[in-house]
Amino acid sequence: MAENNSNNHSNENGNSKMATIRKLLQARQEKVVDTGNKVTVVGVGQVGMATVFSLLTQGVTNNIALVDMNADKLKGEMMDLQHGSAFLCNANIQAGTDYAITENSQICVIAAGVRQQEGEDRRNLVQRNVEVLKGIVPKLLKYSPNAILLIASNPVDVLTYVTWKISGLPKHRVIGSGTNLDSGRFRYLLSQKLSIAPTSCHAYIIGEHGDSSVPVWSSVNIAGVRLRDLNEDIGLESDDENWKETHAQVVQSAYEVIKLKGYTSWAIGLSLTQIIKAILTNATSVHAVTTCVQGEHGITDEVFLSLPCVLGRNGVLDVIRQPLTDTERQQVFHSATLMAELQAKIKF
Ligand SMILES: NC(=O)C1=CN([C@@H]2O[C@H](COP(=O)(O)OP(=O)(O)OC[C@H]3O[C@@H](n4cnc5c(N)ncnc54)[C@H](O)[C@@H]3O)[C@@H](O)[C@H]2O)C=CC1
Ligand SMILES: CC(=O)C(=O)O
């Protein structure tokens with residue numbers, strides 16, 4: 001099955017031969033088909049569709065290809081979005097089980113596979129989603145050999161490593177959504193404590209997306225004022241204000257939302273949209289995303305984890321050399337060890 005919206009193809013589908021249309025339109029130029037901002041999303045579940053909705057409504061792209069193995073769901077999602085076209089900006093939305101529709105994508109998002117059940121650890125999904133990736137990645141590269149691959153499926157850090165291995169792409173073109181989401185949750189919770197907008201709470205969570213994530217308390221700041229300069233114990237066990245509870249809440253966030261509604265979607269959709277926007281617009285903005293961290297913070301294993309990265313049209317342009325305290329460095333090292341142990345168990 002391959003369906004597509006005809007908005008951008010009126011000269012190709014034969015309609016231009018109709019007398020009424022010839023009377024209405026005096027053709028001057030072929031319409032542009034390759035808009036240079038095409039994004040493919042594989043997996044039209046909760047994460048995939050929340051991402052697509054954010055991309056379209058924020059105007060980050062108007063050219064989207066959707067792929068899944070469930071043809072009916074694909075067609076339903078495509079039609080539902082197409083019916084919203086009058087409220088968007090000339091959106092071209094294609095959907096199909098055939099990867100040919102993904103041709104010439106700038107970015108391919110992978111949000112396919114299984115998700116956690118209530119109380120389940122992300123790492124538990126690994127082998128099932130490795131099998132899913134093995135089917136998807138070669139097909140994406142066949143049609144978009146120059147694309148950047150952006151992984152959301154869990155456990156996202158190890159699956160970013162797996163995608164890099166399967167794809168043979170340079171490291172800067174294989175990116176995981178990583179702790180951009182955890183950092184967003186952290187900034188939201190800080191904003192609630194401080195009564196300051198999350199956009200003005202500057203804080204990073206690095207390391208593994210999820211259970212062993214590392215809050216960089218030493219650099220949390222508002223307008224350059226480091227909270228640690230105001231409270232030298234902030235985020236530590238010894239802190240009688242118990243700020244470390246904020247990070248514990250971040251770690252629990254996904255488990256709590258999954259318990260309440262069955263899945264998480266809106267926040268990851270917005271997080272992926274921010275990352276995609278940074279790449280498509282060559283923003284050179286800094287985001288905590290999953291990248292190869294070998295050689296950083298004393299890590300020797302070839303593992304992928306989140307560190308603050310500069311993102312632009314070529315993917316990861318730089319990794320920020322963030323000063324960490326000894327404790328923070330040990331925590332990132334612990335994340336890396338866990339990733340190496342999990343990677344060693346994967347059957348390719
Ligand atoms: N990185 C992050 O921060 C987050 C990651 N996730 C992860 O994203 C993934 C997707 O989650 P949901 O959208 O909630 O799941 P979902 O079950 O709603 O959707 C998954 C979709 O993948 C499709 N699919 C499965 N195998 C496929 C294949 N081989 N080819 C094409 N499509 C295939 C299914 O048909 C389904 O439509 C999960 O692994 C989940 O853990 C979820 C939330 C946040
Ligand atoms: C499910 C997941 O990884 C999250 O919402 O953080």
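**Exercises on a predicted model**

Asn104 is partly exposed, with a relative accessible area of 45%. The structure is a predicted model, and each exercise below is to be solved from its coordinates.

**Exercise 1. Two residues of one loop**

Determine where Asn104 lies, and establish whether Thr102 is buried or exposed.

*Solution.*
Step 1. Asn104 belongs to the loop between S4 and S5. Thr102 is placed in the loop between strand S4 (92–96) and strand S5 (107–110).
Step 2. Asn104 is not a glycine, yet its phi is positive, at about 65°.
Step 3. The cut-off for a buried residue is under 20% relative accessible area. Thr102 has a relative accessible area of 0% and is therefore buried. Asn104, at 45%, is partly exposed.
Step 4. Leaving aside residues up to four places away in sequence, Thr102 touches Lys38, Thr40, Ala65, Val67, Leu140, Tyr143 and Ser144.

**Exercise 2. The surroundings of ligand 1**

Identify the closest residues around ligand 1, then describe its polar contacts with Val114, Arg115 and Ser177.

*Solution.*
Step 1. Ligand 1 is surrounded by 25 residues, of which Val47, Asp68, Val114, Arg115 and Ala152 are the closest.
Step 2. This shell comprises 13 nonpolar, 10 polar and two charged residues.
Step 3. A polar backbone atom of Val114 lies 2.6 Å from an oxygen atom of the ligand. An N or O atom in the side chain of Arg115 is 2.9 Å from an oxygen atom of ligand 1. For Ser177, a side-chain N or O atom is 3.1 Å from a nitrogen atom of ligand 1.
Step 4. Ligand 1 exposes 860 Å² when taken alone, and the protein buries 86% of that area.
Step 5. Helix H2 (46–57) and helix H4 (126–143) are the elements that give two or more residues to the shell. H4 gives the most, with three residues.

**Exercise 3. The surroundings of ligand 2**

List the residues around ligand 2 and state how much of its accessible area the protein covers.

*Solution.*
Step 1. The residues around ligand 2 are Gln116, Arg122, Asn154, Leu181, Arg185, His209, Ala254 and Thr264. They divide into two nonpolar, four polar and two charged.
Step 2. Oxygen atoms of ligand 2 lie 2.8 Å from a side-chain N or O atom of Arg122, 2.9 Å from one of Asn154 and 2.7 Å from a polar side-chain atom of Thr264.
Step 3. On its own, ligand 2 has 220 Å² of accessible area, and the protein covers 90% of this.
Step 4. Asn154 is also joined to Pro155 by a cis peptide bond, with omega about 0°. Pro155 lies in the loop between strand S6 (148–151) and helix H5 (156–167).

**Exercise 4. Helix H6 and its packing**

Compare the span of helix H6 with the expected value, and name the elements against which its buried residues pack.

*Solution.*
Step 1. Helix H6 (residues 180–194) has 15 residues and reaches 21 Å from first to last C-alpha, close to the 21 Å expected at 1.5 Å a residue.
Step 2. Its buried residues include Leu181 and Arg185; both names also occur among the residues around ligand 2.
Step 3. The buried residues pack against strand S8 (205–206), strand S9 (214–215), helix H8 (244–261), helix H9 (266–280) and strand S12 (285–292).
Step 4. Ser195 follows H6 and has a positive phi, near 55°.
Step 5. Thr284 lies in the loop between H9 and S12. Its phi is likewise positive, near 50°, and at 46% relative accessibility Thr284 counts as partly exposed.

Technical notes: Residues are numbered from 1 along each chain as its sequence is written. Chains are lettered from A and ligands numbered from 1 in the order in which they are written. This is a predicted model: local features need pLDDT of at least 70, side-chain atom pairs count only at pLDDT 80 or more; totals for chains, interfaces and linings use all residues. Side-chain values use heavy atoms; hydrogens and water are left out. A residue is near a molecule or strand if one of its heavy atoms lies within 4 Å of it. A polar contact is a pair of N or O atoms within 3.5 Å; within protein, one must be able to donate a hydrogen and the other to accept it, and residues adjacent in sequence count only if both atoms are side-chain atoms. Accessible areas come from the Shrake-Rupley method with a 1.4 Å probe; for residues, only the protein chains shown count as cover. Helices (H or I, at least four residues) and strands (E, at least two) are DSSP runs, numbered from the N terminus. Ala, Val, Leu, Ile, Met, Phe, Trp, Tyr, Cys and Pro count as nonpolar, Asp, Glu, Lys and Arg as charged, and the others, Gly among them, as polar. The expected span of a helix is 1.5 Å times one less than its number of residues. Buried means under 20% relative accessible area, exposed over 50%, partly exposed in between (1.4 Å probe, protein chains only). Contact means heavy atoms within 4.5 Å.
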